[in-house]
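This briefing covers strand pairing and burial in a single protein chain. Please keep the sequence and the structure open while reading.

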Amino acid sequence: MAGRSGKKAEGAPVGRRALLGMLAAGAAGLATAPYLQRGWEGVLGAASQVDPTGLSGVLPNPGGFRYYSVVGSVPRKHENDYELTIDGLVDRPRTYTLPELRALRQTRVVHDVLCTDGWRVDDTPFEGVRLADILDAAGVRAEGKAIRFTCFDGAYTESLTLDQARRPDVLVALNMQDKPITHEHGGPVRLYVAPMYFYKSAKWLAGITVTDKVVPGFWEERGYEVDGWLDDADRGDEAA
């Protein structure tokens, strides 16, 4: 409109009090965002445990982990009742308790987590025992070529070739984001296969069986790739 000053045309100036208020709100948002994110993740995790429809898996969770289970509910394992068995084509089958796993050499791997559904969580630290160390302690026999993983949800399974399993960025993980892995995230112990899509990182890990060939896992029997490499993964056996 003719006659309107240039200052008014650019909009009313923001008052000092309003500006300070916005800055304070922004700072508070940045400070509380991680807690709110974790809180929302916890709500989704709890909902997924009592959701036989799987619909909780489609609720929005920007920037965080999603929760999936292939069964209606999963029993909880704790310090006093968790066990991990390694058997099959090995010379020294055995069962590890949680304290025994914690007493072994721990390795930390930081990598992006990426799901086939498209969500991702960048720079996520996992810590635990290198799967290669457990295999070496068990003594894999010459005819052993692959690993089959079973889970205490009673349904999920996964697989890796022996060469993939021996990579330094494949862990029997006890910590995630520098804290013990929660039940909702697959704790107290889960597999972590850094260079592959997250479905290869089986939750609620209970068994490691050395086999003479790859046995496709739960999702591979339903059309997923047996080798679930991320697009940018270094597929060399020694890569990390």
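In this predicted model, Gly154 takes a positive phi near 85° in the hairpin of strand 5 and strand 6. That hairpin has 5 residues between its strands. The points below start from strand 5, move to strand 7, and end with values for the whole chain.

**Strand 5 and its partners**

- Strand 5 covers residues 146-151 and strand 6 covers residues 157-161; the two run antiparallel and are joined by 5 bridges.
- Within this pairing, Ile147 stands opposite Leu160 of strand 6.
- Strand 5 is also joined to strand 10 (residues 205-211), again in the antiparallel sense, by 6 bridges.
- Here Ala146 of the chain faces Thr211, which lies in strand 10.

**Strand 7: burial**

- Strand 7 spans residues 170-176, and 6 of its 7 residues are buried.
- Buried is taken as under 20% relative accessible area.
- Strand 7 is therefore largely enclosed by the rest of the structure.

**Strand 7: pairing**

- Strand 4 (residues 120-130) runs antiparallel to strand 7, with 5 bridges between them.
- In strand 7, Val172 stands opposite Val129.
- Strand 9 (residues 190-193) pairs with strand 7 over 4 bridges, also in the antiparallel sense.
- Val172 has Leu191 as its bridge partner in strand 9, in addition to standing opposite Val129.
- Strand 8 (residues 179-180) is joined to strand 7 by 2 bridges, and these strands run antiparallel.
- Met176 has Lys179 as its bridge partner in strand 8.

**The turn between strand 7 and strand 8**

- Strand 7 and strand 8 form a hairpin with 2 residues between them.
- Gln177 lies in the turn of this hairpin and has a positive phi of about 55°.
- A positive phi is thus found at Gln177 in this turn and at Gly154 in the hairpin of strand 5 and strand 6.

**The chain as a whole**

- The chain contains 5 helices and 10 strands.
- Of its 240 residues, 42% are buried.
- Among contacts in the chain with a separation of 6 or more, 65% are between residues 24 or more positions apart.
- The chain has an accessible surface of about 12,800 Å².
- Carbon and sulfur atoms account for 55% of that surface.

Technical notes
Residues are numbered from 1 along each chain as its sequence is written. This is a predicted model: local features need pLDDT of at least 70, side-chain atom pairs count only at pLDDT 80 or more; totals for chains, interfaces and linings use all residues. Side-chain values use heavy atoms; hydrogens and water are left out. Two strands pair if DSSP finds at least two bridges between them. Buried means under 20% relative accessible area, exposed over 50%, partly exposed in between (1.4 Å probe, protein chains only). Contact means heavy atoms within 4.5 Å. Accessible areas come from the Shrake-Rupley method with a 1.4 Å probe; for residues, only the protein chains shown count as cover.
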